[in-house]
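User: Got a structure I'd like to go through with you. Can you take my questions as they come?
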Amino acid sequence: MKIKNPQDRLSKFWGKVDHKHVNDIARHVKGKRVLDMGCGYGTTTAHLTSAGFDCTGIDYDPSVIAAAKERFPQCSFREAN
């Protein structure tokens, strides 16, 4: 699904939903290295990185990887399938 202006969409309602989900995910991560497969726009990758994990996000869609890199330049993102 293509989303126009993901930054606007994610900073509103869906960003709040994502924040709740990534907090739940972070509680179950074991170890320090994390591969976020299907990272989409990077919310989970960014949250885990800011929580001290060595996290890399991957997605097959180059447009979402570009948006993730723009939103979270401090994080590691790669295009992969």
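User: Start with Asp-24 and Arg-27: how do their side chains meet?
Analyst: They meet in a salt bridge, with N to O at 2.3 Å. A salt bridge here is a side-chain nitrogen of Lys or Arg within 4 Å of a carboxyl oxygen of Asp or Glu. This is a predicted model, so local features need pLDDT of at least 70 and side-chain atom pairs count only at pLDDT 80 or more, while totals for chains, interfaces and linings use all residues. Residues are numbered from 1 along each chain as its sequence is written, and side-chain values use heavy atoms, with hydrogens and water left out.

User: Where do Asp-24 and Arg-27 sit relative to each other?
Analyst: Both are in helix H2 (residues 13-28), three residues apart, which means about one helical turn between them. Helices (H or I, at least four residues) and strands (E, at least two) are DSSP runs, numbered from the N terminus.

User: Is Arg-27 buried or exposed?
Analyst: Arg-27 counts as exposed, at 60% relative accessibility. Asp-24 is partly exposed, with a relative accessible area of 25%. Buried means under 20% relative accessible area, exposed over 50%, and partly exposed in between, using a 1.4 Å probe and protein chains only.

User: How many salt bridges does the count come to?
Analyst: Two. Besides the one in H2, Asp-54 forms a salt bridge with Arg-33, where the closest N and O atoms are 3.7 Å apart. Asp-54 belongs to strand E2 and Arg-33 to strand E1, so this pair ties together parts that are 21 residues apart in sequence. Asp-54 is partly exposed at 44% relative accessible area, and Arg-33 is exposed at 71%.

User: What stands opposite Arg-33 in E2?
Analyst: Asp-54, the salt-bridge partner from before. E1 and E2 pair in the parallel sense over five bridges; two strands pair if DSSP finds at least two bridges between them.

User: Which way do the side chains of E1 point?
Analyst: They alternate. Val-34 and Asp-36 point to one face and are buried, whereas Arg-33, Leu-35 and Met-37 point to the other and are not buried.

User: OK, the sheet. What is the strand order?
Analyst: E1-E2-E3, an open sheet of three strands with parallel pairing. E1 (33-37) and E3 (76-79) are at the edges with a single partner strand each, so one side of each has no neighbour in the sheet. On average, neighbouring strands are turned by 20° against each other, direction ignored. Axes for such angles are lines fitted to C-alpha atoms, for helices over the stretch in contact, and angles run from 0 to 180 degrees between N-to-C directions.

User: And how many bridges between E2 and E3?
Analyst: Four, also in the parallel sense, with E2 covering residues 54-59. In one of these, Gly-57 has Phe-77 of E3 as its bridge partner.

User: Which helices lie across the strands?
Analyst: H3 (residues 43-50) lies across E1, E2 and E3, at about 170° to E2. H4 (residues 62-71) lies across E2 and E3, at about 165° to E3.

User: How many of the residues of H3 are buried?
Analyst: Six of its eight, so H3 is mostly covered by the under-20% rule. They are Thr-43, Thr-44, Thr-45, Ala-46, His-47 and Leu-48. Just after H3, Gly-52 takes a positive phi of about 100°.

User: Switching topic. What makes up the largest nonpolar core?
Analyst: Seven residues: Cys-39, Ala-46, Ile-65, Ala-68, Phe-72, Cys-75 and Phe-77. A nonpolar core is a set of buried Ala, Val, Leu, Ile, Met, Phe, Trp, Tyr and Cys residues joined through side-chain atoms within 4.5 Å. A second, separate core has five residues, including Ala-26, Leu-48, Phe-53 and Cys-55.

User: What is Phe-77 in contact with?
Analyst: Apart from its neighbours within four places in sequence, Phe-77 is in contact with Cys-39, Gly-42, Thr-45, Gly-57, Ile-65, Ala-68, Lys-69 and Phe-72. Contact means heavy atoms within 4.5 Å.

User: Last one: where is Tyr-41 found?
Analyst: In the loop between E1 and H3. Tyr-41 is buried, with a relative accessible area of 14%.
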